[in-house]
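Hi there,

I promised to pass this structure on to you, so here it is. Have a look at it first, and then read my notes underneath.

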Amino acid sequence: MELTPKLLAGLLCWVVAAAPAGAQEPFADGTAAFKGGDYERALAHFEQARQGGQQGPSLTYNVGVTLFKLGRYQAAQVQFQQLLDDPEWSDVARLQLGLMAEKQGRPVSAVGYYRELTDSESPKLRRLALMRLSALAGAPGAEPAGEQDQDRGLALLSLTSGYDSNAYSLQNELLTDDSVGEDTYTELFAWGQYRLQGTAEDGWRLHGFAFGRRYSDLESLNLSSFNVGVSRHMPWQGWLVELGGVAETASLGGERVTSEWRFVGRAQQAFDAGVLTLAYQPSYFNGTEAYRYLDGWRQRFEARWAAPLATMDVDVLYRLDLDDREDLIAGDDGFYSYSPRRQTFGVEAELPLSWGWTLHAGSHYRLSHYRGYNRLQDSDGEFKHQARDGNRLRSWIGAEVQLMPRLQLDARVIRTDNDENFDIYGYDKTEASLSVRYVF
């Protein structure tokens, strides 16, 4: 993107005068090194200015710009996000976050930042934002819609074709059926949001998705899910807070399985080393007649830490699920527990490459312990009476390429191994898929 180097250098020079007198020398040296293309030395000088006592927004901005040029996007994002609550710096920070999102192949995020800038008091920033929106729309010279009502919506459509070596794995969980079958599938996913009021950082939004997977032969395993929710976003004590509610329904083989009503509470804050996200999401599930044993509550607690590591962006996850369901008592006095306590530990990594390519990989390890003692005949014919315990390892690797500003191609391979003390619940599977995504 040819606009980016000139813009970074121009805006960086614009803030030199904001440096305190005591830090002018290393600050000025950093600016000179940046203009000369020596970004490592520029960063060292800016850090020297910080150690010398300068803590103002001008230094935060310049550190962010330099990290951006060094390709350390996660660290740069942390710097710019610290400026979003500063009325004098929030707009230039949003512009940089938008440019960085483009560099990372995240056009949805980029469009969101640029649309916020169409209301900026700065004519220069409004013009730059409109230029980038026009470029992302794939129509150079076109005039993007300037009305606020037309800038509120975002949507994504994804079409996937894939192979599943064990399509019965979900049914294993629901019906204690140890059938195994491989099949190919097609998958459609549509997501959208509309800002009802306010801004992306302080306002209301309506959002939802529709998902469907259709197998070529195993039609009884076709999956579908629909979701709609409303969220309130607001800044609070340095955190970006989201509060809202979601309604969701899921079906298997054309038969509705359960409905879910979920409260969403989420808080995010940027620190020097990364971004911390905390979430609490209690849900109530209501199963249909054949799935009444799924009725009940799930309490979900989650913590994520995203930070740069060398040239990668790394995301570490911990999740705790506490379920209190009706469970299933069979006619033969068998008992099947559907009330697990689950802990999930995960790590994900992204490695941005040149020419719009990004490599990504991750792994989630989940431990489950179910309430009560299951009483059932296992797949080996043995009758067992004991607590159900299991562990699941799910790992994936893939690559994403930006074909056009709004068009992405994603390929990935996923391996899942689920091991339990009841063999009837154990399974392993491999999935391979190719997806095409378009952002509206």
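Below is what I found, going from the whole protein to single residues.

Please keep in mind that this is a predicted model. The protein has 440 residues, and 48% of them count as buried. Its secondary structure comes to nine helices and 16 strands. If you take the contacts between residues at least 6 apart in sequence, 55% of them join residues at least 24 apart. On the outside, the protein exposes about 20900 Å², and carbon and sulfur atoms supply 55% of that area.

Now for the inside. In soluble globular proteins, nonpolar side chains tend to be buried together. Here, the largest nonpolar core has 37 residues. Which residues have the most contacts inside this core? They are Tyr61, Phe80, Leu95, Met100 and Tyr114. At least two core residues come from each of these helices: H2 (24-35), H3 (39-51), H4 (57-69), H5 (73-81), H6 (90-103), H7 (107-117) and H8 (123-136). Helix H6 gives the largest share, with seven residues. Another core, of twelve residues, lies apart from this one, and Leu252, Tyr291, Tyr293 and Tyr425 are among its members.

Next, a residue to click on: histidine 360, which you will find in strand E13 (residues 357-377). Is histidine 360 buried or exposed? Its relative accessible area is 9%, so histidine 360 is buried, the cut-off for that being under 20%. The side chain of histidine 360 is joined to that of aspartate 410 by a polar contact of 3.0 Å. Leaving aside neighbours within four places in sequence, histidine 360 is also in contact with other residues, including Ala349, Glu350, Trp396, Ile397 and Arg412.

Finally, the surface. Tyr194, Leu196, Trp204, Leu206, Val228 and Val230 form a nonpolar patch there, and together they have about 480 Å² of accessible area. Strand E2 (183-198), strand E3 (203-215) and strand E4 (223-236) each give two or more residues to this patch. One member to look at is leucine 206, in strand E3. Leucine 206 has a relative accessible area of 35%. It counts as partly exposed because that value falls between the 20% limit for buried and the 50% limit for exposed.

Enjoy exploring, and write back with any questions!

Best wishes

Technical notes. Residues numbered from 1 in each chain as written. Predicted model: local features only at pLDDT ≥ 70, side-chain atom pairs only at ≥ 80, totals over all residues. Heavy atoms only, no water. Core = buried A, V, L, I, M, F, W, Y, C linked by side-chain atoms within 4.5 Å. Buried < 20%, exposed > 50% of the residue type's maximum accessible area, 1.4 Å probe, protein only. Helix = DSSP H or I, 4+ residues; strand = E, 2+ residues; numbered from the N terminus. Polar contact = N/O pair within 3.5 Å; in protein donor to acceptor, adjacent residues only side chain to side chain. Contact = heavy atoms within 4.5 Å. Areas by Shrake-Rupley, 256 points an atom, 1.4 Å probe, with all protein chains shown as cover. Patch = residues over 30% accessible without salt bridge, like charges linked within 9 Å, V, L, I, M, F, W, Y side chains within 5 Å. Salt bridge = Lys/Arg side-chain N within 4 Å of Asp/Glu carboxyl O.
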